[in-house]
Amino acid sequence: MENDPQPDATPFQTGTATAPRGYTLAAMLAIAVVLFVALHFLNQAFASRHRRIAHEEYAAGVRALEAGQAADAAERFLTALRFSPGNREYELNLAQALATAGRLRQAESYLHTLLEEEPGDGMANLQLARLALREHDLARATRHFHAAMYGAWPQEGQKRRLETRIELVRALLQEQQLTAARSELIGLTGDLPDEPGRLAEAGALFLAAGDNRNAFAMLRRAMEKQEAPPGDWLRDAGLAIFRMGNYPSAVEYLRRAVERGADGSSAEALAIARAAVALDPYARGVRHSDHVLRAYRAWGIAARRMEQCSVAPDSEPGKQWTELRPRVSRAALARDPELLDAVTEAVFRLEQATESCPSPTPEDSALALLAQRYAGQGR
Amino acid sequence: MSETRAAATGERRSRYRPAFTEEHLFLFLAIFIGIVGGLAVVAFRLAIEGTSLLLFGPAVHPSTMRLLLVPTAVGLVVGAVVLLFFPRVRGSGVNQTKSALYIYDGFIPFRTALGKFLTASAAIGGGHSLGPEDPSLQIGAAIASVVGRKLRLSREKLRLIAPIGATAGLAAAFNAPISAVLFVIEEVVGRWSAGIFGATVLASVSAVVVARWFLGSEPLFRIPPVEFIRPNELLAYAVLGIVGAFASVVFARGISLLRPRLKALPRWTQFLQPAIAGLLIGIIGAAGAPQVMGAGYEAIDQAMHGQFTWQFLAVLAALKILATVLSFTSGTPGGMFAPTLFIGAMLGGAVGGAEQALFSHLTGSVGTYALVGMGVLFAAFLRAPMTSVFMVLEVSGNYSIILPVLVANTLAYLISRSLDPVPIFDLLSRQDGLELPSMEEQREAAIWRVEDAMRPLDVPVLAESESVESALRALEHSAAGMVLTYGPEGWTTVSIAALEHARRAERGQETVAAIAPATGKIPALYPDQPIGVALKTLAAAPVVPVIHRADSHQVVGMVSLQDVLDMYRRLQNVNGDRH
């Protein structure tokens, strides 16, 4: 330091300057202590008030969100965050409110901020997945769903992970990604609790994904644990087994489903199943005379369908039909096994060709299903 | 015997008495001032928050009526209080602290601190577009000044204690101890020394400890993680630096043009100017940009986390410039640090967003651009390039950002300096009629060295072990009137008269050292030494050798007082500079 030219710049130990300086310093220290204590209490009062405001605003936001007032809820949550910055619960709710209010970009920003701090946060990833779905970005949504499934959940982790996977499956089904959905469902069975409701839910999802075998297995397990299973379970089980080609069992499930008041599709499915049972020419235990009867009845049904759908005579089914028609009679079918097979094949072909034609009868639908089933078997 | 004994006892007593000098007191005071400064800043921030809560309520988006009425009413009250009771609290506080250091021997009245505290907290809490950091700097300086005066420190120490208090105030307000130290040394004090640096660091650390004790260690705004910056993206940040430079020029020009015009208006209008500014700011807020009101830290946080579109960020940057110009030029007490950071963050986010919209391969996040943008405006507008770099590093805690910060800040600083040579603080002080030293001008001023004044060696150089006859022979071919001799203990000049006298006295075979004058050795200089060192040395000898640093026997030139004067005359003739 430079030399001080002033003569009164004495060292601290000088006698005449020591006493006043010491007292002054002591007084200043005392003032600082008083200020410290006063500020401490003031700060505590502020902090307490901030916490109260944050809590009140958050509660108001939750009520608004439940009442469907997402925009108002977002404002409340924003205010709560202002007085309780960094509160993850507030931020998550804010993101949800923003998303509900249609402010997707802002919601996404808040969620990404949360993920920056905790990349494995389950709820944040789930919210981002839902936002991605709204933007029709299935790939991104799937990534976030997976991150949520394997992420951290503060409470009920297993349950939340299960629900997340179910939500992913529903999203995949909605986007017609059946293979991916089935893959997720296989993974889901490992975490599935042995509760009837959950089993039935899984069964329904398997059914929607086209995995009839697993669907039926899940539903049957569910119904074994439930004394009076709901009509929907019975309907789904019936549909599953119906698609597996076991029409008699399907009739039984669907009949019970209709009795339990399942929705209208059960009745329709039941009619088709009954028709399939009545018309299946290759069902086990069907005698030759019944086969002839069924084939002849099917011929009549197909003929009506052909008329209804105006099948062109020069189409393959049309040509086959034109060739066979003069020869078909009950007696001829009973005498000629080859004719019987040809008629059955022609019926199946025609019903498959007219599948897209509107207003099929349950019999038409049944014949189309039988055609599909037996086509795979080379009949 | 008794006298001897008494003397001995006295000596023992004085030997063991602790020598607590003013130097020690000064360092202790630095800590004390840091603590008290920190307390004052905490109280200041609580006052701002309390005022905002009281006047605007807790809602993030207050009603239109409040947005319009509150800043207007606060402006009216603040305008009257400032003019009637605290006229010295106008402005940000940085120049007022410099004035204390360079003009008023470190004197800042406590009344100023009180007035700044009350009026700035009301103004900022009431929505005026100003920041709390500069007032905190002045409050800290004022507290330090009071402490120093009460303890009757020497004038030199009193002059230095105000910047130490300023450091404490700024550090506590900013929660950035390193940046505070650098800013005060770079912009207020203007020089480094161990004493100043040590005291400011102690004060800064103490203040930040106190501030964090009360307010927590959370930053004023959260910084998003900074991703790795690819080298090919540095060009994008360079563009930000260029844009930031122009924005800072617009900002500075706005203040420099409007401020003197408003000050020149009749005095009665100055009661209303803060109110009118408040009303205009309220209109901006009510029109859809309430983010520009107050310090704006929440908006900076939101901008960092991509809450706004880049278009809206650009709008906010422009509106904040307008709002801050209105607030500041109307005489409302408050600072420019926070608005500078706000404008920088918004501008950075806008430029980053626009660049990403045009060039999708750019991967830097909006938050990273916003962070760099803050440093850009800090460098370009406040003209604190070193502080701006450290500030960004300190608040982000991430060294990955160093390259874009260096590129953008440097570009911004150089461009703004070329467009507007006078920094904003110097501009404001000159508008107030004060000729404070410009730290930037001091930094940029040329430093003259010995090599600029020295002339070629024109005297013989001999070892002092050489004989008198040898010396005289060497002088036969020289017009010089002396020889320079060197020996183990240094250099000596021996005049030709002394040599001839020795020859006449038949001492021609003796060594030059034997007949050298008794006046002693003369010091030598090095070519790179400042000219001030040469002047001190030339007081002891009429001419001094300039020697090589690697070989002390190699003389590269010589310098005299006349040579130094000739150097200044030459420079004055060349560029008219005064040094």
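Me: Why does A:Asp137 count as partly exposed?

Reply: In this predicted model, A:Asp137 has a relative accessibility of 28%, and since partly exposed covers what lies between under 20% and over 50%, the residue counts as partly exposed.

Me: What makes A:Asp137 and A:Arg140 a salt bridge?

Reply: The closest N and O atoms of A:Asp137 and A:Arg140 are 3.1 Å apart, and a salt bridge asks for a side-chain nitrogen of Lys or Arg within 4 Å of a carboxyl oxygen of Asp or Glu, so the pair qualifies. A:Arg140, at 15% relative accessibility, counts as buried, whereas A:Asp137 is partly exposed.

Me: How do you know that the salt bridge of A:Glu184 and A:Arg165 links distant parts of the chain?

Reply: These two side chains meet at 3.0 Å, N to O, while the residues are 19 apart along the chain, with A:Glu184 in helix α8 of chain A and A:Arg165 in helix α7 of chain A. Both A:Glu184 and A:Arg165 are buried.

Me: Why is B:Glu469 called buried, and what is B:Arg503 called at 36% relative accessibility?

Reply: B:Glu469 has a relative accessible area of 17%, and buried means under 20%, so the word fits. B:Arg503, at 36%, counts as partly exposed. The two form a salt bridge, with their closest N and O atoms 3.2 Å apart, and they join helix α22 of chain B, which holds B:Arg503, to helix α21 of chain B, which holds B:Glu469.

Me: What makes A:Asp211 a residue with no salt bridge?

Reply: The nearest side chain of opposite charge, that of A:Arg182, is 5.6 Å away, and a salt bridge needs a distance within 4 Å, so none is counted for this buried residue. A:Asp211, found in the loop between α9 and α10 of chain A, does make a side-chain polar contact with the side chain of A:Asn214, at 2.7 Å.

Me: Why is helix α12 of chain B said to be largely enclosed by the rest of the structure?

Reply: The helix runs over residues 297–304, and 7 of its 8 residues are buried, so the description follows from that count. Among the buried ones are B:Tyr297, B:Ile300 and B:Met304. The cover over them comes from both chains, including α2 and α4 of chain A and α6 and α13 of chain B.

Me: What makes A:Leu78 a buried residue, and which residues of chain B is it in contact with?

Reply: Its relative accessible area is 11%, and because the limit for buried is under 20%, A:Leu78 is classed that way. A:Leu78 is found in helix α2 of chain A, and its contacts include B:Val60, B:His61 and B:Gln302.

Me: How do you know that a salt bridge crosses between chain B and chain A?

Reply: The count between the two chains is 1 salt bridge, and B:Glu298 forms a salt bridge with A:Arg82, the closest N and O atoms being 3.2 Å apart; this distance is within 4 Å, so the pair meets the rule. The elements of chain B that give two or more residues to this side are α2, α6, α7, α9 and α12, and α2 gives the most, with 15 residues. Chain B and chain A bury about 4,000 Å² between them, 62% of it on carbon and sulfur atoms, and the contact takes 51 residues from chain B and 39 residues from chain A.

Key. Residues are numbered from 1 along each chain as its sequence is written. Chains are lettered from A and ligands numbered from 1 in the order in which they are written. This is a predicted model: local features need pLDDT of at least 70, side-chain atom pairs count only at pLDDT 80 or more; totals for chains, interfaces and linings use all residues. Side-chain values use heavy atoms; hydrogens and water are left out. Buried means under 20% relative accessible area, exposed over 50%, partly exposed in between (1.4 Å probe, protein chains only). Helices (H or I, at least four residues) and strands (E, at least two) are DSSP runs, numbered from the N terminus. Contact means heavy atoms within 4.5 Å. Buried area is the accessible area (1.4 Å probe) that two parts lose on being put together, summed over both. Lys and Arg count as positive and Asp and Glu as negative; His and the chain ends are not counted. A polar contact is a pair of N or O atoms within 3.5 Å; within protein, one must be able to donate a hydrogen and the other to accept it, and residues adjacent in sequence count only if both atoms are side-chain atoms. Lists of a residue's contacts leave out its neighbours within four places in sequence.
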